Amino acid sequence: MAGIVIDRIAKSFGSVTALQEVSLEIADGEFVALLGPSGCGKTTLLRIMAGLESRSSGRVLIGGRDVSDLKPWERGLAMVFQNYAVFPHMTVYENVAFGLAMQKKPADVIDRQVKKAAALLHIEPYLERYPAKLSGGQRQRVAVARALAVEPAVLLMDEPLSNLDALLRLEMRAELKSVLREAGTTTVYVTHDQTEAMGLADRIAVMYGGKIVQIAPPTQVYARPATTFVGGFVGSPPMNFLPVDSQDGRVTLGGQSIPVPGSGARILGFRGEDVTLAAPADGLALTVRVVEPMGSHTLLTGRIGDAVVRIVAPSSTAVRAGDVVGLRLDPARVVFMDPASGLALDAAA
Amino acid sequence: MTQSRWLPYALLAPAMVFLGVLFFVPLVQTIVLSFQGDAGFGLGNYGKMVGDLNFGLSIRNTFLLVLTVIPLQVALALAMGLMLQKMTFGRDVVLWVWTIPLGVSDLAAGLVWLALLQNTGYVNSALFAMGLIPGPTAWLNSETPVTLFVAVVLAEVWRATAIVLVILVGGLQLIPKEFAEAAEIFGARPWTRFVKITLPLLKPSLQSALILRTVLAFEVFAVVYALGGRNFPVLVGEAYAWQRDNQNYGVAAAYAVLIMIISLAATVFWLRVLRVKPEVQG
Ligand SMILES: Nc1ncnc2c1ncn2[C@@H]1O[C@H](COP(=O)(O)OP(=O)(O)OP(=O)(O)O)[C@@H](O)[C@H]1O
Ligand SMILES: [Mg+2]
């Protein structure tokens with residue numbers, strides 16, 4: 001009922017191309033995270049969906065209706081701004097109530113919805129305060145509450161939790177997810193925090209340089225990145241990449257023979273946790289330079305040739321800096337990319 | 001440590017001396033003068049001022065002018081300022097052209113409008129040439145108070161709207177565009193956005209502009225004098241007349257004190273009406 005279709009949206013600011021023909025379909029009630037580095041066009045895309053920014057070409061459909069030329073208030077959506085845009089001359093209560101007041105809802109309905117949104121975001125103690133007297137994180141929660149209070153069919157959020165401390169962010173993330181799922185709100189959530197995107201989204205759209213380079217469920221984006229950029233951007237630690245040479249569709253690494261699509265130069269990608277440690281002679285030799293115990297696991301950093309490699313080892317590992325370990329890869333979980341384009345190669349190809 | 005305490009005062013001292021000599025001393029002298037008369041120290045000058053035929057008229061005219069000109073100027077400046085905000089191209093040129101009258105002195109402005117509006121002026125000639133009026137028509141004498149008033153209002157609006165505009169444009173630029181955008185997302189139409197977002201956030205600039213303009217408007221003189229002489233008595237004009245024509249410095253000083261009190265009252269009025277609560281400043 002309120003699915004979103006972004007149809008070949010492009011945008012340039014003068015000579016700067018912010019978006020190049022972005023297309024994206026979001027189902028009704030789906031939660032999509034726009035993930036990408038700073039300046040890749042996330043905010044621009046969100047603002048075009050909201051009708052705050054003009055587009056150079058393309059269409060935006062919401063609920064099957066072409067809203068490309070409609071005013072923001074005619075599109076039936078709510079938005080959380082990257083810099084909050086909480087009205088400084090209104091109390092927190094008035095801010096949260098703003099959208100409902102504009103819809104001329106009766107006072108008791110407004111009161112109920114405001115209290116509900118405030119409770120969810122833990123801002124009840126500040127309802128009578130002015131935003132100038134709030135911290136950045138509190139203001140940000142006011143902005144989120146203001147958007148939730150109108151119970152929109154479509155919710156656009158631009159890094160709504162970026163200013164919260166780690167614990168509060170974790171808590172808010174879970175609450176947002178459950179509330180939005182329950183309400184069936186179609187959500188587009190901009191973030192450059194990949195854990196947030198992984199945890200929240202039904203699908204992640206990874207953006208880079210004004211394009212969507214991959215759109216897929218979190219686990220697939222993580223395990224099967226479409227490009228070397230995605231592999232390096234998503235996941236902590238990032239995916240490891242090794243240049244290899246495929247001969248007759250196979251590559252031999254540390255005594256292991258792994259099938260490769262096609263022959264010639266390839267980039268092999270593997271996740272730090274998809275290896276098993278073995279004796280140096282039984283695998284790909286890695287000289288460990290740094291050992292970082294993280295509690296749940298231990299991070300080993302070293303080099304294979306020129307490539308930096310990070311390995312997630314069990315926290316019980318006895319490896320020390322300077323040790324040489326052997327790595328055995330899981331052939332089912334490695335990916336191959338074309339060194340020239342950085343694009344993933346299908347196993348079938 | 002000790003140095004930093006007196007340094008600001010030392011730096012302010014020249015300005016304070018300057019203000020004291022050239023502003024405070026004459027002010028006290030004027031106040032003293034207003035109470036000095038032939039019959040010694042007392043309210044004689046004030047009695048004479050109030051008893052004068054033109055006193056009530058000049059009060060009425062001055063207030064009428066202020067109450068007409070100020071709202072017109074603020075409304076116009078707001079409209080012009082918002083228009084400028086919407087422009088992406090040629091904005092600076094338009095602002096520059098609109099502020100040209102700022103460079104024209106008020107007497108010169110009065111004379112320009114006199115050249116336009118007097119019996120033999122350009123407007124008369126043009127209307128006559130088009131056959132709209134039978135002959136040269138007088139608009140600026142004591143028999144035509146309404147057209148004279150309108151002429152003064154026109155000249156004042158033309159001359160002094162730009163200063164309001166400049167202050168408001170500065171204020172509008174300080175308001176991040178996200179506030180209006182957020183309001184737009186949440187359903188506020190243009191007029192609601194103007195009333196609920198732009199105006200409240202513009203309050204500090206509005207206050208400055210209104211104080212400045214109101215105080216100056218109560219001192220309106222040169223334009224009135226150029227267009228109508230004493231046909232349209234205003235407070236400063238009366239002070240001037242008592243000083244020059246009647247050589248009565250005491251009554252002139254009483255007028256000056258009265259104008260000062262009115263200006264102070266107007267300032268206090270705007271400070272209170274458009275007060276920005278400290279907790280709202282963000
Ligand atoms: N109003 C504008 N005028 C000119 N260029 C702009 C404008 N807005 C954005 N850009 C440019 O468009 C590109 C995309 O910007 P955008 O704000 O969408 O990035 P983003 O992905 O939201 O980044 P961040 O994570 O830092 O918020 C950037 O190169 C930016 O410089
Ligand atoms: Mg952004």
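This talk goes through a predicted model, taking the ligand site, the contact between chains A and B, and a few local features in turn.

I'll start with ligand 1. Its shell is made up of A:Phe13, A:Ala18, A:Ser38, A:Gly39, A:Cys40, A:Gly41, A:Lys42, A:Thr43, A:Thr44, A:Gln82, A:Glu159 and A:His192. Sorted by class, that shell has three nonpolar, seven polar and two charged residues. Which helix gives the most to the shell? Helix H1 of chain A, residues 42-50, does, with three residues.

Now the polar contacts to the ligand's oxygen atoms. From the backbone, an N or O atom of A:Cys40 is 3.3 Å from an oxygen atom of ligand 1. A polar backbone atom of A:Gly41 is found 3.0 Å from an oxygen atom of the ligand. A:Gln82 takes part through its side chain, where a polar atom lies 2.8 Å from a ligand oxygen atom. As for cover, ligand 1 on its own has 640 Å² of accessible area, and the protein covers 62% of that.

Next, the interface. On the chain A side 25 residues take part in the contact, and on the chain B side 24 residues do. People often quote the size of an interface as the accessible area lost when the parts come together. Here chain B and chain A bury about 2200 Å² between them, and 74% of that is on carbon and sulfur atoms.

How many salt bridges cross between chain B and chain A? There is one. The side chains involved are those of A:Arg47 and B:Glu181, with an N to O distance of 2.7 Å. You may have noticed that A:Arg47 falls in the residue range of helix H1, 42-50, the helix I mentioned for the ligand shell. Counting polar contacts between the two chains, with both residues at pLDDT 80 or more, gives three residue pairs.

Looking at the chain B side, helix H8 (177-185) and helix H9 (190-201) each supply at least two of the residues that touch chain A. H8 of chain B gives the most to that side, with eight residues. The class split for the side of chain B that touches chain A is 11 nonpolar, four polar and nine charged residues.

Back to salt bridges, this time over all chains: the count comes to 15. One that I'd point to is within chain A, where the side chains of A:Glu30 and A:Arg203 meet at 2.5 Å, N to O. A:Glu30 lies in the loop between strand S2 (16-26) and strand S3 (31-35), and A:Arg203 lies in strand S9 (203-208), so this pair ties together parts of chain A that are 173 residues apart in sequence.

Last, two backbone details in chain A. The peptide bond joining A:Ser236 and A:Pro237 is cis, with omega about 0°. A:Pro237 sits in the loop between helix H8 (228-233) and strand S11 (240-246) of chain A. The other detail is A:Ala85, a residue other than glycine with a positive phi, near 55°. A:Ala85 belongs to the loop between strand S6 (77-80) and helix H2 (92-102) of chain A.

That is the end of the tour.

Key
Residues are numbered from 1 along each chain as its sequence is written. Chains are lettered from A and ligands numbered from 1 in the order in which they are written. This is a predicted model: local features need pLDDT of at least 70, side-chain atom pairs count only at pLDDT 80 or more; totals for chains, interfaces and linings use all residues. Side-chain values use heavy atoms; hydrogens and water are left out. A residue is near a molecule or strand if one of its heavy atoms lies within 4 Å of it. A polar contact is a pair of N or O atoms within 3.5 Å; within protein, one must be able to donate a hydrogen and the other to accept it, and residues adjacent in sequence count only if both atoms are side-chain atoms. Accessible areas come from the Shrake-Rupley method with a 1.4 Å probe; for residues, only the protein chains shown count as cover. Helices (H or I, at least four residues) and strands (E, at least two) are DSSP runs, numbered from the N terminus. Ala, Val, Leu, Ile, Met, Phe, Trp, Tyr, Cys and Pro count as nonpolar, Asp, Glu, Lys and Arg as charged, and the others, Gly among them, as polar. Contact means heavy atoms within 4.5 Å. Buried area is the accessible area (1.4 Å probe) that two parts lose on being put together, summed over both. A salt bridge is a side-chain nitrogen of Lys or Arg within 4 Å of a carboxyl oxygen of Asp or Glu.
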